[in-house]
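Q: I am new to this structure and would love a close look at one part. Could you walk me through the place where the ligand sits?

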Amino acid sequence: MHTHNRRTFMLGATATAAALGLAACGGEGAGSGGPDPEAEPSEQTVGVAMPTQTYERWVADGNNIKEGLEGKGFTVDMQYAGDDIPTQQQQIDQMINSGVSALLIASIDGASLSSQLDAAAAAGIPVIAYDRLLTDNENVDFYVTFDNYTVGVNQANALLYGLGLLDEDFEEAEDAPEGPLNVELFAGSLDDNNAHLFWQGAIDTLQPYFDDGTLEVLSGQMDIDQAATQRWEQETAQKRMETLLTTHYGSGEELAGVLAPADPLSRGIINALQNRGMGPTIEEGLPVVTGQDAEIASIKLIADGVQHSTIFKDTRNLAEQAIVASESILNGEEPEANDTETYDNGMKVVPSYLLDVQMVLQDNYQETMVDSGYYSEEQVESGQL
Ligand code: GAL
C-alpha cells in the first residue's frame with residue numbers, strides 16, 4: 001500500500017559491492033564492525049549518515065543525535081552528503097570499513113544504498129533508518145520517524161481550513177464557499193519514501209472535494225510524478241509555480257491555494273506568487289500555502305500572515321528515539337517499536353517507532369513554537385536562528 005520508489009542505481013551499486021565484499025570478508029577481529037555489549041561505550045562508534053545541510057531540520061537532527069550519543073559516552077562518526085548519492089554511498093562504505101558498531105542513516109534516495117546495506121549485514125553491523133525509510137533491501141533493522149501519512153492529512157486539512165471549507169474544529173464550515181476553488185499541488189522528491197506518504201495522506205483528504213467539484217486543479221497536474229520536486233529543491237518548486245501561473249492563470253483565473261510539502265518549497269512558491277503581484281499577505285489576496293518542518297523563516301511568515309501553515313515535527317524527540325534505539329541495539333537488545341505494520345520497504349516490514357506531528361497556524365504558532373520553548377520571540381521576529 002505504501003508506495004516507494006523501486007528505482008535502483010545498479011551500475012554504481014555493483015562496483016561498490018565488489019569493493020566492499022573484500023572488506024567485509026576480511027573483517028573478523030580488528031576493524032570488524034557490529035555491537036559489542038561488553039565493550040566500553042566509547043569503543044562503540046555509531047556511524048551517522050545525513051543527507052544535506054540545506055534544510056534546517058537535518059542540521060538540527062545531526063546536532064541532536066551527535067550530542068545525545070556522545071552524552072551516553074558513545075563515539076560518533078557523522079557525515080553529511082550534500083544531497084549527492086555517490087557521496088553518501090562512499091561515506092557509508094567508509095564507516096563500514098572502519099568497523100562501526102551501528103549505522104544510523106537518513107538517506108537521500110532510499111533505494112540507492114542496497115550494496116551498503118548488504119555489506120553492513122555481512123559485517124554484522126545493524127542499521128537504523130532515520131526519518132526516511134531504506135527500501136528494497138531486507139538488511140534494515142529498525143526505523144524511527146514521524147507519522148508521515150498524518151503529515152499529509154494535516155497539510156490537506158490546513159489547506160481546507162485556509163480556504164474556508166473547514167471550520168476551526170476541522171468540521172465542514174457552515175459558511176463554506178461553494179467553489180470551484182482552484183488549487184495546485186506540489187510533492188517532494190520521488191526517491192524519498194516519505195514524499196509518497198505525505199502525498200497519499202493529502203490526496204485521500206482532498207479527494208472528496210475534487211470529486212464534488214469544490215476544488216479544481218486547473219493545470220490538471222494531479223499525479224505525484226507531475227507534482228514532484230526532485231531533491232526537494234526550492235528553486236525547482238519556484239520555477240514550476242512560475243510556469244503554472246503563466247500557463248494556466250493568465251486570463252483572470254484565480255488561484256486560491258497551494259499544497260506544498262516542505263517549508264523551503266513553500267517559500268519558493270510564495271516568491272513566485274508575490275512576483276506575480278499577489279499578496280503580499282493572505283489578507284491581501286495571497287493564495288493559501290501549506291508547509292512542513294516549522295523552519296524559522298516560515299514561522300515568521302506564518303506570524304506575518306504570508307505562509308498559511310506548516311507541520312511541526314519535533315526533531316529533538318526523533319533524535320532522542322534514535323538514541324534509545326541505538327542504545328538497545330548496541331546492548332544487543334531489540335529496540336522497542338510502536339508500529340510493526342505500516343512500513344513495508346518492499347522486502348520486509350521494518351519495525352518502527354513513529355512520533356506525533358502538530359499543525360501550526362497563525363492562531364497557534366505562539367503556543368506551539370514559542371511558549372513550548374522551541375523558538376524565542378526574537379527568533380520569530382527576525383526569522384533567523
Ligand atoms: C523528508 C522529511 C521532511 C523534509 C523533507 C526534505 O524526508 O521527512 O521533514 O525535511 O524530507 O528534506
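**The ligand and its surroundings**

A: Happily! In this predicted model, the residues around the ligand are Tyr-55, Arg-57, Trp-58, Asp-131, Arg-132, Asp-192, Asn-194, Phe-198, Trp-232, Gln-292, Asp-293 and Lys-313. Sorted by character, this shell has six charged residues, four nonpolar ones and two polar ones.

Let's go through some of the contacts with the ligand's oxygen atoms. Arg-132 places a polar side-chain atom 2.8 Å from an oxygen atom of the ligand. For Lys-313, the distance between an N or O atom of the side chain and a ligand oxygen is 2.9 Å. Asn-194 also takes part, with an N or O atom of its side chain 3.0 Å from an oxygen atom of the ligand.

How much of the ligand does the protein cover? On its own, the ligand has 300 Å² of accessible area, and the protein covers 99% of that. As for the space that holds the ligand, it is the largest cavity.

Now for the parts of the fold that build this site. Two elements each give two or more residues to the shell around the ligand: helix H2, which spans 56–71, and helix H6, which spans 193–211. At the level of domains, the shell draws on domain 1 (41–140 + 315–355) as well as domain 2 (148–313 + 359–382), so the ligand lies between them.

While you have the model open, a few backbone details elsewhere in the chain may also catch your eye. Gly-179 and Pro-180 are joined by a cis peptide bond, with omega at about 0°. You can find Pro-180 in the loop that runs between helix H5 (148–162) and strand E6 (181–185). Another cis peptide bond links Gly-279 to Pro-280, and here omega is about 15°. Pro-280 belongs to the loop between helix H9 (263–275) and strand E9 (288–289). Finally, look at Asp-83, which is not a glycine and yet has a positive phi of about 60°. Asp-83 sits in the loop between strand E2 (75–80) and helix H3 (85–97).

Technical notes:
Residues numbered from 1 in each chain as written. Predicted model: local features only at pLDDT ≥ 70, side-chain atom pairs only at ≥ 80, totals over all residues. Heavy atoms only, no water. Near = heavy atom within 4 Å. Polar contact = N/O pair within 3.5 Å; in protein donor to acceptor, adjacent residues only side chain to side chain. Areas by Shrake-Rupley, 256 points an atom, 1.4 Å probe, with all protein chains shown as cover. 1 Å grid on protein atoms, 1.4 Å probe; cavity = no way out; pocket = protein on both sides within 12 Å on 5 of 7 lines; lining within 4 Å. Sits in = over half its atoms within 2 Å of the grid points. Helix = DSSP H or I, 4+ residues; strand = E, 2+ residues; numbered from the N terminus. Nonpolar A, V, L, I, M, F, W, Y, C, P; charged D, E, K, R; others polar. Domains from an automatic or database assignment.
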